[in-house]
Amino acid sequence: MNNRADEDDLLAAMLAEGSPPDFRAALLGQTLRSARRRRRVRQARRVGGVLIALLLTAIVVKHKLSKPSVILPLVAKQEAPVNYNLVRTQPLSANEVTTTRPFSGMQLLSSVSAVAEVATANGGYRQIDDHELLALLSGRPAVLIRTGPHSEELVFASPEDRKSVLAN
């Protein structure tokens, strides 16, 4: 249970041991001066903040209420060059639209009196084997190269031979 008298006695005992008799008074005076200085600084900050806020408000109000001293001449607005062509479309009239109609019945029109009809028959050909292919080359130097199970390539020794054989 601490009380105020015990604390004062303890402080007095500690300061009395190796300090001059007026030390306690000097320490109290220094503490009070420091507290007063801090209070004055806080008050000065408050007053300074209020003054700055008032100054800024006055500047803004003056700026808003003042009229411009120089009136700038109005510059004629120049149109930008057009980089496109505007195309307007509209539907065609009924007599301008081309339509198709089926022939009535099965009429065939022809400018030639007789029409020749050609029919193609299926089959009538067979695959030749490698020996028959090389026999068709009639002695021209060539090689048959197999590149896969069902793919071959015929290579000629001379490009002129290739042109002459394939031209037929």
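In the predicted model, R126 is exposed, since its relative accessibility of 58% lies over the 50% that marks this class. The side chain of R126 meets that of E132 in a salt bridge, with an N to O distance of 3.2 Å. E132, for its part, counts as partly exposed at 30% relative accessibility, so that this salt bridge joins an exposed residue to a partly exposed one. The pair is one part of a set of 4 salt bridges that the structure holds.

A further salt bridge is formed by the side chains of D161 and R140, for which the N to O distance is 3.9 Å, a value within the 4 Å required of such a pair. Because D161 belongs to helix α4 (residues 159-167) whereas R140 lies in the loop between α3 (130-136) and β1 (142-148), the pair ties together parts that are 21 residues apart in sequence. The two partners fall into separate classes of accessibility: D161 is buried, its relative accessible area of 17% being under the limit of 20%, while R140 is partly exposed at 30%. Once neighbours within four places in sequence are left aside, the contacts of D161 are with R140, P141 and F156, and R140 is thus both a contact and the salt-bridge partner of this helix α4 residue.

R146 and E152 also form a salt bridge, in which the closest N and O atoms are 2.7 Å apart. R146 has a relative accessible area of 48% and is therefore partly exposed, and E152, with a relative accessible area of 39%, is likewise partly exposed. This pair does not stand alone, as salt bridges that share partners join D130, R146 and E152 into one network.

At the level of the whole chain, the model contains 4 helices and 2 strands, which follow the pattern α-α-α-β-β-α when read along the sequence. Buried residues make up 3% of the 168 residues in the protein chain, and D161, with its relative accessible area of 17%, is one of the residues counted as buried. Among contacts in the protein chain with a separation of 6 or more, 8% are accounted for by residues 24 or more positions apart. The accessible surface of the chain comes to about 17,100 Å², and carbon and sulfur atoms contribute 59% of this area.

Two patches on the surface may be described in turn. The positive patch is formed by R33, R36, R37, R38, R39, R40, R42, R45 and R46. Of these residues, R33 is found in helix α2, which comprises residues 23-65, and R33 is partly exposed, with a relative accessible area of 45%; this value satisfies the requirement of over 30% relative accessible area that applies to patch residues. The nonpolar patch is made up of V47, V50, L51 and L54, which together have about 390 Å² of accessible area. V47, one of the residues of the nonpolar patch, lies in helix α2, the helix that also holds R33 of the positive patch.

How values were computed. Residues are numbered from 1 along each chain as its sequence is written. This is a predicted model: local features need pLDDT of at least 70, side-chain atom pairs count only at pLDDT 80 or more; totals for chains, interfaces and linings use all residues. Side-chain values use heavy atoms; hydrogens and water are left out. Buried means under 20% relative accessible area, exposed over 50%, partly exposed in between (1.4 Å probe, protein chains only). Contact means heavy atoms within 4.5 Å. Accessible areas come from the Shrake-Rupley method with a 1.4 Å probe; for residues, only the protein chains shown count as cover. Patches are made of residues with over 30% relative accessible area and no salt bridge: like charges are joined within 9 Å, nonpolar side chains (Val, Leu, Ile, Met, Phe, Trp, Tyr) within 5 Å. Lys and Arg count as positive and Asp and Glu as negative; His and the chain ends are not counted. The place of a charge is taken as NZ of Lys, CZ of Arg, CG of Asp or CD of Glu.
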